[in-house]
Amino acid sequence: MSEPLKVGVIGAGYLGKYHIENWRSVKDAKLVGFYDPDQANAIAVSDKYELPCFESGEDLIEHCDVVDIAAPTDHHAFWCEKAIKKGKHVFVEKPLAASMQEARRIVELTRESGVRLQVGHVERFNPALLAVQHLDLHPMFIEVHRLAQFNPRGTEVSVILDLMIHDIDIILSIVKSGVKNISASGVTVLTDTPDIANVRIEFDNGCVANLTSSRISMKKMRKIRLFQKDAYIGIDFLEKKAEVIKLKEEADEKTFSFDIDTPTGKKTIAIATPTIPQVNAIQRELESLIASIRNQTRPVVSEMDGLLAMEVAHQILEKIANNVVGH
Ligand SMILES: NC(=O)c1ccc[n+]([C@@H]2O[C@H](COP(=O)([O-])OP(=O)(O)OC[C@H]3O[C@@H](n4cnc5c(N)ncnc54)[C@H](O)[C@@H]3O)[C@@H](O)[C@H]2O)c1
């Protein structure tokens, strides 16, 4: 049996602390320490988790096999480059980087070095999504709402790169078709970049996704609704619930169903609430990187997935810039 992979966390803020907690439950991984430039925070985190704080990120990287980057987005590219050039595997929080140029550079370096890099699109591991992933998903119309209350964390980038990017990534993973056209409108309210946005993405296969994201809402909501010929699939990422409404040939005893009369005859409609797996999404995503390193397989959310989500996000930002509603 080989030694566990040594892991170090760069950036021990809101999310970095969750990662520190979760790495401890990941099999085949050993957390060796972390780096955070905020001295007071570093001491507090080191005390709380009884974990060594390294003097520099470079020193931490030397002592690791896997570097987990949970620093603010505008520092992702810097630390990815340092880690990859030392041949270390990388987990980097979403979005992959702050600019397309940085994102492309990370992809290029990852390819050249052959390390595994996973992007922190943690919603891919949300139990509500996992509960419907076995279904044949081929939506023709998608409705998305991701609404959050204002929080200064994450405002170094727009609501598109901060919040909507989660949904862009999920939709691209489900639709698996090229993007034909994007229309978008955004409003800049509390920060220097759009805080709310509405986007319509048309895909080559005819699917249309309508996304609304806000980081200045009174209420929280994180829902994706998929409409396809034979089914409606509702996924609630916040409440961790899912609902599937399907047209069936005939009623069965296991599912709640009822008949309706339609112009083409009687139809049976079945409503199911899939069983939600009891999983911790952060632990799952970290485990999945370790598995991809050990098995030499593509990470579930690879550097290319991170780049594709950013490409769509940037097209959206360009559309919004050409269609300014804010100032
Ligand atoms: N996957 C998700 O759902 C999710 C949720 C929240 C945040 N995030 C992402 O995680 C990252 C961090 O966000 P956060 O909310 O934890 O922010 P945060 O501000 O709470 O934490 C960032 C930490 O990084 C440290 N830091 C600052 N500059 C640094 C540098 N140059 N090098 C190393 N560390 C540095 C800060 O001292 C701070 O402790 C962002 O990229 C954000 O988009 C992802």
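Is glutamine 296 exposed or buried, and how many C-beta neighbours does glutamine 296 have inside 10 Å? Keep that in mind as we walk through this predicted model. Glutamine 296 has 8 C-beta neighbours inside 10 Å, so it counts as exposed. You will find glutamine 296 in the loop between helix 8 (281-295) and helix 9.

**Backbone angles to look for**

Glutamine 296 has another feature: its phi is near 55 degrees, a positive value in a residue other than glycine. Lysine 240 also has a positive phi, near 55 degrees, and is not a glycine either. Lysine 240 belongs to the loop between strand 11 (231-236) and strand 12 (241-248). Because lysine 240 has 19 C-beta neighbours inside 10 Å, it counts as partly exposed; a residue needs 20 or more to be buried. A glycine can be added to this list: glycine 114, just after helix 5, takes a positive phi of about 80 degrees.

Here are these backbone angles, along with the omega of a cis peptide bond.

| Residue or bond | Angle | Value |
|---|---|---|
| Glutamine 296 | phi | near 55 degrees |
| Lysine 240 | phi | near 55 degrees |
| Glycine 114 | phi | about 80 degrees |
| Lysine 94 to proline 95 | omega | near -10 degrees |

The last row is the peptide bond from lysine 94 to proline 95, which is cis. Proline 95 sits in the loop between strand 4 (89-93) and helix 5.

**A look at helix 5**

That loop brings us to helix 5 itself. How far apart should the ends of helix 5 be? With 14 residues (100-113) at 1.5 Å a residue, helix 5 should span 20 Å, and its end C-alpha atoms are indeed 20 Å apart, so the two values agree. Which residues of helix 5 are buried? They are Ala103, Ile106, Val107 and Thr110. These residues cover an arc of only 95 degrees around the axis, which means that they lie on the same side of helix 5. The face turned away from that buried side carries the exposed residues Gln101, Glu108 and Glu112. As for what covers the buried residues, helix 4 (76-85), strand 5 (117-120) and helix 9 (303-321) are among the elements that do so.

**Leucine 31 and its surroundings**

Now turn to strand 2 (residues 29-35), where you will find leucine 31. Leucine 31 has 23 other C-beta atoms within 10 Å, so it is buried. Leaving aside residues up to four places away in sequence, leucine 31 touches Val7, Ile20, Trp23, Arg24 and Leu51. Lysine 6 is 25 residues from leucine 31 along the chain, yet their C-alpha atoms are separated by 5.9 Å.

**Two domains**

Stepping back, the protein is divided into domain 1 (5-120) and domain 2 (125-280 + 312-321). The C-alpha centres of domain 1 and domain 2 lie 30 Å apart. Their contact takes 9 residues from domain 1 and 8 residues from domain 2. On the side of domain 1 that touches domain 2, there are 5 nonpolar, 2 polar and 2 charged residues.

**Around the ligand**

Which residues are closest to the ligand? Of the 22 residues that surround the ligand, the closest are Gly11, Gly13, Tyr14, Leu15 and Glu93. Helix 1 (residues 14-23) gives the largest share of this shell, 3 residues. By type, the shell around the ligand divides into 9 nonpolar, 8 polar and 5 charged residues.

How values were computed. Residues are numbered from 1 along each chain as its sequence is written. This is a predicted model: local features need pLDDT of at least 70, side-chain atom pairs count only at pLDDT 80 or more; totals for chains, interfaces and linings use all residues. Helices (H or I, at least four residues) and strands (E, at least two) are DSSP runs, numbered from the N terminus. The expected span of a helix is 1.5 Å times one less than its number of residues. A residue is buried if 20 or more other C-beta atoms lie within 10 Å of its own, exposed if 12 or fewer, and partly exposed in between; C-beta atoms are placed from the backbone. The arc is that of the directions from the helix axis to the C-beta atoms. Two residues are in contact if their C-beta atoms, placed from the backbone, lie within 7 Å. Domain bounds come from an automatic or database domain assignment. Ala, Val, Leu, Ile, Met, Phe, Trp, Tyr, Cys and Pro count as nonpolar, Asp, Glu, Lys and Arg as charged, and the others, Gly among them, as polar. A residue is near a molecule or strand if its C-beta atom, placed from the backbone, lies within 6 Å of it.
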